[in-house]
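Me: I have a protein model open and want to walk through its fold. Let us take it step by step.

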Amino acid sequence: MAATTQSTPVPAHELIHEPRHLPHLRSNHGAYLAQSNVGWLKETSANTSLEEMRARYSADGYLFIKGLLPRVDVLDVRQRYFEHLAPTGILKPGTLPRDGIFDDTQNPIVHNGVGGTDLPEDAERQRLLESAHTLPEYLAFLEQPGFRAFVRKLMGWDRDVILKRTLLRHNVPNGFSTGCHYDRIFLRAGEEFLTAWVPFGDCTAEGGGLMYLENSTDVGKAIEADFTKRAKHFTPEERINGFNQNMAKDGQLSHNVVELDAEINLTYGSTDGKRRRWLAADFTAGDVVFHNPYMIHGAVKNDDRLGRIRLGSDLRFYPEGGDVDERWMRDVWRPNDAIPPAGLSSITTTTTTMITGAASLAPVSSYSYAFTVTTPTTIWSAPSFATSSPANPACSDTMCPSLNGQDCTDANGDSYGVLCDTRFSGTVITNSGKMKMKEKMRIRGQSAEEEEEVDGALGKRDFTGTFDGCADFCDSYDDPSAPCTGVAYQGGYCMAYDTITGTFAQVGGIAAVRKV
């Protein structure tokens with residue numbers, strides 16, 4: 001009888017956690033990825049040998065280490081951040097800042113974080129996002145000796161430098177976050193670097209964390225090589241900021257992961273003939289993902305069932321004495337620090353294309369915003385709208401696409417010009433606008449009871465879940481110095497504007513110009 005042998009067991013650090021059900025992943029726009037295109041990040045335990053960690057980072061383009069950082073330290077940063085942002089109304093009443101639960105009666109777009117497509121219009125919200133980067137608890141975390149020592153050991157450096165401009169980002173449920181990209185797009189000056197993504201809190205795979213395109217380092221390098229060839233005529237400054245003219249409006253490859261997935265797999269395929277999948281994980285406080293500058297990744301749309309806000313930070317490390325991107329060493333992140341450059345939204349009036357890898361391949365379409373107004377000095381004029389006789393049709397959630405370019409009448413009898421699959425850019429009326437209304441009431445001598453009545457009514461009208469409710473708020477905003485000029489509505493969410501500077505394409509969006 002032939003002897004039987006037992007196969008060598010797989011080392012614990014090489015085991016991949018494969019839950020029964022794969023996560024449902026989507027990005028800022030578009031549908032969910034097909035389950036066949038989704039997988040799990042490989043987990044690496046913190047006690048794995050450095051040799052094995054380096055081998056995995058080299059082969060996969062990333063290294064996902066479980067429990068590398070002290071959990072309490074990470075959660076302390078989370079708690080302090082949401083204490084700091086609590087005045088914005090981002091947290092659900094009665095919940096703890098450490099839990100970071102979003103108030104789902106709020107409009108998610110109003111609570112965009114850093115990298116959330118567009119910053120909140122409200123200046124106070126922007127100020128709090130900026131000052132969060134200088135909170136003592138966060139700055140102390142960045143200097144944590146054990147973390148920095150691990151980075152040096154992993155990379156074989158004697159000393160390390162962390163870029164001063166870190167990106168502390170939150171991602172609320174159903175809000176917008178970063179699109180799909182590779183980091184080198186934004187840090188073209190200087191040598192190659194190491195990125196560490198740190199989730200500040202527990203975050204399920206569907207809760208707004210990062211997803212990585214499997215084996216995509218070669219794709220990022222091919223895209224970058226093609227860009228370099230196309231950018232031969234650029235000045236050094238234009239080359240560094242080259243995505244202004246060659247990518248989506250904010251430098252991302254795409255905000256629609258399904259479209260990007262199809263384009264990349266069609267153009268590049270995979271070396272082993274298999275389709276590249278998008279990999280995610282159930283992150284817990286203390287985990288860290290390291291990745292190289294060319295690994296394609298992006299934020300998952302936050303569908304957390306508990307309403308948790310994802311908070312994370314992007315940290316970039318160089319060896320001391322190395323050639324760094326000096327733009328990222330000037331200061332901490334600020335809303336107008338020109339990275340991406342301040343002129344980014346005014347570069348083009350046509351749809352842009354994604355740069356593809358091989359020079360012999362034609363560019364493929366990519367998600368982008370197509371602005372009808374491109375500079376802040378341009379005055380936007382509303383188009384003419386068709387009217388109906390004897391009366392305009394009623395405004396409603398379902399009036400698009402049939403009423404595109406036509407007038408409708410809301411429940412109050414006010415008329416709106418309808419633009420389908422569109423959203424406005426401009427100045428949004430927020431709680432500060434309501435406070436301005438109340439101040440005017442005081443000047444007119446109205447009573448505190450009348451103020452409270454109006455404030456309560458506005459609070460209810462600010463978000464009612466219907467287009468008529470959205471228009472009702474706009475109709476009621478009686479401020480002659482800055483009247484409501486229009487609304488943008490989509491899927492139950494409303495934004496009212498006192499100034500409209502332009503429009504951009506948004507599938508499913510309704511932009512309506514108030515006729516006064």
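Me: How many helices and strands does the protein chain have?
Reply: Keep in mind that this is a predicted model. Both kinds of element occur in the protein chain. The count is twelve helices and 17 strands.

Me: What percentage of the residues in the protein chain count as buried?
Reply: A residue is buried when its relative accessible area is under 20%. The protein chain has 516 residues. The buried share of them is 54%.

Me: Among contacts between residues at least 6 apart in sequence, what percentage join residues at least 24 apart?
Reply: Contact here means heavy atoms within 4.5 Å. For the protein chain, the share of such contacts that join residues at least 24 apart is 74%.

Me: Why is strand β6 described as largely enclosed by the rest of the structure?
Reply: Strand β6 covers residues 194-199. L194, A196 and V198 point one way, while T195, W197 and P199 point the other way. Both sets are buried. The strand is largely enclosed because the buried residues number six of the six.

Me: Which residue in β11 stands opposite L194?
Reply: Strand β11 spans residues 310-319. β6 pairs with β11 in the antiparallel sense, over six bridges. Opposite L194 in β11 stands F317.

Me: Which residue in β9 stands opposite W197?
Reply: β9 takes in residues 288-291. β6 and β9 run antiparallel and are joined by three bridges. Facing W197 from β9 is V289.

Me: How far does helix α2 reach from its first C-alpha to its last?
Reply: Helix α2 runs over residues 71-85, which makes 15 residues. At 1.5 Å a residue, 21 Å is expected. The helix comes close to that, with a reach of 22 Å.

Me: Which strands are among the elements that cover the buried residues of α2?
Reply: The buried residues of α2 include V74, L75, Y81 and F82. Helices α3 and α4 are part of what covers them. The strands in the cover include β5, β6 and β11.

Me: Which strand gives the largest share of the lining of the second largest pocket?
Reply: This pocket holds about 500 Å³ of space. Its lining has 26 residues, and among the closest to its centre are H29, F176 and K301. β15, β16 and β17 each supply at least two lining residues. The largest share is seven residues, from β17.

Me: How many residues of that pocket lining are charged?
Reply: Ten lining residues are nonpolar and twelve are polar. Asp, Glu, Lys and Arg count as charged. In the lining, the charged residues number four.

Technical notes: Residues are numbered from 1 along each chain as its sequence is written. This is a predicted model: local features need pLDDT of at least 70, side-chain atom pairs count only at pLDDT 80 or more; totals for chains, interfaces and linings use all residues. Side-chain values use heavy atoms; hydrogens and water are left out. Buried means under 20% relative accessible area, exposed over 50%, partly exposed in between (1.4 Å probe, protein chains only). Helices (H or I, at least four residues) and strands (E, at least two) are DSSP runs, numbered from the N terminus. Two strands pair if DSSP finds at least two bridges between them. The expected span of a helix is 1.5 Å times one less than its number of residues. On a 1 Å grid over the protein atoms alone, a cavity is a set of points where a 1.4 Å probe fits but cannot get out, and a pocket is an open set with protein on both sides within 12 Å along at least five of seven lines; lining residues have an atom within 4 Å of a point. Grid points are joined across faces, edges and corners, and a volume is the space filled by probe spheres set on the points.
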